[in-house]
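Trainee: Could you take me through one part of this protein up close? I'd like to hear about the second largest pocket, and then about the second largest cavity for contrast.

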Amino acid sequence: MGTNLIRAMLLASGSASIAIAASPATAYAQEASYQVDIPAQSLGDAIRALGRATKQNIVFDGAVVRGKRSAAVKGRLTAGEALQQMLSGSGLVMARSGGALTVRAGNASGAANSGASQGRAGQGQAVLVGSVRDHKTGAALKGARVEVVETGETTSTGDLGDFRFARLPTGDVTLRVSYLGFPEQSETVSVVGGLTNRADVYLGSGVTTEIVVIGQVSARAQALNQERTAENSTTVISGDLLGNFNGTTISDSLRRAPGVSFQTDALTGDGTNIIVRGLSPDYNQVKLNGIALPEPEGTGRSANLANILADSISEVRISKTLTAKQDSAGTGGLVEIETKSPLDRPKRYFNVSADGTKRAKGFGDEYLLSATGSMRFGADGNFGLSASYQHRKQDVTTYSYNVQGVFGPYLPLGPNGRPANIDEIDPLTPFPFHDGAQYYTSQGTVAYNQASSTTDNLTLSAEWQPSSGTNLKLDYVRSTRTSSFLSNSVSVRSTIGIYTLKPVPALDGELRYVHGDLLPRVNAANNVSFNDGDKQKTDTISFRGTSAFGGLTLDYQAGYSRGATHRPASGSFFFSGFVPVDAVNVSPDAIDPATGTIITLFGPRAGRALPQPLLTAAGFEALNNAVPRGGDVTYSLDTRGRSSNLNGEFGAKYEFGSGLLQYVEAGVQYRGSNFRNMRGTSAGYIPYRDGPTPFPQVTELGLEFERVPFDRVGGGDTVYRLFSPSSIRSFVGSLDQLVNDGTYSYYELTNDALLDDVYTKEGDLAGYLQARIDIGKVEIIPGLRVDRNRVEANFANAVTLFREDGSVDEDLYLATRKILRGTDTRTSYLPRVLVNYRPSDNLVFRAGYFSTVARPQIEQLNAERIIYYYSNRDFGPTFSQPLLVVFEGEPGLKPARTHIDRPDCAARRRPATRTSRVML
């Protein structure tokens with residue numbers, strides 16, 4: 001499999017490729033013999049396999065071997081003998097150059113000798129490219145640190161394990177490669193002038209153990225290596241060497257990442273919007289394959305990551321300090337999600353998996369189906385296609401309870417020595433406010449929730465490396481999620497709680513604000529909310545390319561993303577029943593000894609059990625038999641939202657090689673965003689009938705209660721009764737029939753069509769310049785980013801004038817009811833500087849300063865402008881003035897500018913002895 005993973009990326013002008021697979025202490029014992037068994041195959045792949053098997057440097061021109069087949073080689077042979085047999089019939093011959101074997105055309109001896117002479121002479125400069133791979137599996141090793149000993153130049157390997165040195169002196173150079181999990185390895189490479197030289201380094205060939213680590217250990221090793229070699233403070237969550245990514249969703253995968261948390265779906269527990277360093281999701285930028293992910297509701301900036309399944313993900317990178325090149329919107333952090341590359345898989349790869357979970361006692365089930373196929377084409381396997389599909393079905397049932405309460409039976413004195421009401425107490429005053437004060441329960445709520453969702457992800461990728469300096473990649477990702485939920489709760493409480501000034505017997509009659517209830521009764525209120533068939537869809541397409549010409553590297557990118565939400569119908573209803581608070585229903589224990597009054601009907605909070613109201617047996621029976629009466633059923637129909645991002649980027653980086661100045665990089669970036677949210681139709685069913693009982697009882701509507709066993713949290717039977725899910729569905733399905741029967745009336749308020757033209761557009765054009773300066777073991781990365789942001793918002797406008805007699809000027813309202821457009825343009829200058837001190841390969845101290853822009857929420861930019869003018873002169877300090885009230889969004893709202901200083905230290909310890917690895 002290892003040979004299938006090797007690729008040749010070659011310039012049309014000619015290149016030299018070197019296959020290296022040596023032990024940590026390399027010895028070019030060319031006369032040693034090896035047991036070789038290499039079947040006939042692509043000549044380039046065969047030569048690399050021979051380099052691995054014999055631990056020899058073999059230099060060849062990719063253009064010369066392309067399209068040729070090798071002869072099979074088997075037996076105990078020296079490296080030279082094996083290579084000669086392999087080349088038989090190809091028209092190519094073997095030669096020796098320095099410490100390496102070379103392959104050349106049979107009629108090109110002069111050119112070969114000239115190249116070898118130039119290499120030995122050490123004159124001029126040349127390009128060296130290559131890769132670092134696992135000797136046992138052939139898997140690419142990301143984040144390996146590669147150093148040229150003679151010049152001190154360093155680089156790190158990329159996503160395909162590739163590295164590049166643009167300006168190396170010709171001749172023999174020593175590469176020192178370090179990767180956490182492997183012993184450090186040094187290799188001598190012959191660099192030939194006038195060619196693009198290639199060196200494929202295979203780590204672990206000198207490790208004698210046959211145990212190979214793949215699973216989560218290798219995933220963590222890849223992440224740690226990328227973190228330690230990064231220029232900024234970064235957390236990386238990586239797939240393992242077999243391409244497996246831990247977790248079902250992105251939030252599952254990031255659950256142990258430092259400084260990262262998620263807002264969660266209250267019904268399913270899935271993480272939705274990411275929080276980095278405690279900052280709101282809107283202040284964190286999330287990208288998928290380099291393209292900003294859209295927010296499907298059209299009302300915010302934060303993407304919902306519950307829609308993205310992890311099976312096709314290669315890595316997630318969270319940058320907590322930003323270079324000038326990185327997006328200015330990542331105040332909390334920049335989250336970059338990358339899907340798996342087809343060139344980072346075996347030549348032919350197919351995988352199908354199924355995973356299921358069934359929870360006991362009807363708490364739901366979940367299953368995940370995943371299928372991936374990938375193929376590489378061409379003699380060097382430098383073009384790849386892959387497709388990945390994941391399907392997740394989730395059904396979750398949960399029960400929960402919560403408690404609300406008040407802070408003690410009465411409030412303390414204020415700073416002035418007088419009784420203080422609740423709004424006069426310093427918010428920083430710790431509880432208890434006075435000795436013996438207890439927390440009193442005022443309400444207990446039990447909830448039963450059912451949620452179901454279906455998530456589908458499709459990922460299509462194509463990648464092509466036409467030469468060693470050029471890489472082109474095209475990715476398309478579609479994520480869809482359909483969900484429904486039913487939330488069913490019951491709250492037992494007294495009525496509205498108020499504080500009134502009363503004498504407190506426990507304080508010898510001193511006045512205090514004492515808590516009590518406005519109305520003397522106990523309520524049991526059932527609340528139900530539901531939706532059916534919510535749909536969210538996200539499409540992302542990105543094209544990325546890199547082209548290198550000597551010391552110059554060009555990066556270019558273009559992409560588009562679109563998210564949309566459709567909520568066909570969501571609704572809610574409630575029913576309420578009550579019993580009076582009197583001596584028959586309420587226990588004497590409810591009377592607080594300190595005040596002689598009922599503070600709440602639950603008394604002080606004790607333990608963690610579900611609280612029960614302090615009722616008599618007759619009170620419990622009365623509340624259980626109290627029949628709730630019908631309430632309103634409200635609907636929101638056909639709500640839609642969408643947002644999109646159009647991205648483009650071009651950058652140029654010039655590497656100077658040795659010296660203080662390592663590189664200079666500059667570029668331009670553009671992103672155009674569009675946000676829309678279309679409100680749906682409001683509808684509802686109102687219970688009504690003539691007679692002494694205008695509200696129907698729940699039993700007349702087909703709603704039934706079910707007993708939920710809360711023994712463990714309630715200590716036995718309770719007064720908390722929930723509607724059965726089946727009766728809820730039956731009731732909702734019969735609403736139209738209830739309208740025909742005259743039990744309910746129906747209304748519908750169509751949304752103002754004018755509001756469909758409300759939108760917000762943003763155009764961000766940014767330029768950046770950054771460099772890197774190395775002074776000994778200190779790296780300094782200064783930079784400047786200039787952002788120019790243009791906001792355009794359409795918002796509704798209306799003026800409502802109330803005449804002195806209270807009537808409304810309808811003509812003025814209709815004349816001013818229109819769509820207005822506001823625009824604003826702002827330029828931000830964002831300096832950034834990062835400093836890294838590396839006393840050793842595995843220890844780095846970081847410090848940095850960077851500034852970002854925290855843009856206003858979308859609803860603050862396009863909120864409707866509402867103007868009320870009251871002509872009657874009843875306002876103002878003298879009650880003799882008219883009143884003007886204005887509510888509006890502001891497209892020109894100034895964004896917040898943030899300045900962040902961040903010190904950091906990271907230590908990564910590599911084992912001093914050989915590494916044991918386990919193949920799973």
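Mentor: Sure, and keep in mind that this is a predicted model. Let's start with what surrounds the second largest pocket: its lining sorts into 16 polar, seven charged and six nonpolar residues. The space inside that pocket comes to about 590 Å³. It has 29 lining residues, and if you want to find the centre, look for Asp265, Thr272, Glu297, Asn304 and Gln536, which are the closest to it.

Now trace where that lining comes from. Six strands each put in at least two residues: E15 (260–264), E16 (271–276), E24 (439–467), E25 (470–494), E28 (521–549) and E29 (552–580). The top contributor is E25, with four residues.

On to the enclosed spaces. The structure has ten cavities of 30 Å³ or more, and the second largest cavity holds about 240 Å³ of space. Around that cavity you'll find 25 lining residues, with Gln285, Arg301, Ser302, Arg671 and Phe675 lying nearest its centre. Strands E17 (284–288), E30 (633–655), E31 (661–678) and E39 (843–854) are the elements that each give two or more residues to this lining. As for the chemistry, the lining of the second largest cavity is made up of ten nonpolar, nine polar and six charged residues.

So when you go back to the viewer, pick out Asp265 and Gln536 as two of the residues closest to the pocket centre, then Arg301 and Phe675 as two of those nearest the cavity centre.

Conventions. Residues are numbered from 1 along each chain as its sequence is written. This is a predicted model: local features need pLDDT of at least 70, side-chain atom pairs count only at pLDDT 80 or more; totals for chains, interfaces and linings use all residues. Side-chain values use heavy atoms; hydrogens and water are left out. On a 1 Å grid over the protein atoms alone, a cavity is a set of points where a 1.4 Å probe fits but cannot get out, and a pocket is an open set with protein on both sides within 12 Å along at least five of seven lines; lining residues have an atom within 4 Å of a point. Grid points are joined across faces, edges and corners, and a volume is the space filled by probe spheres set on the points. Ala, Val, Leu, Ile, Met, Phe, Trp, Tyr, Cys and Pro count as nonpolar, Asp, Glu, Lys and Arg as charged, and the others, Gly among them, as polar.
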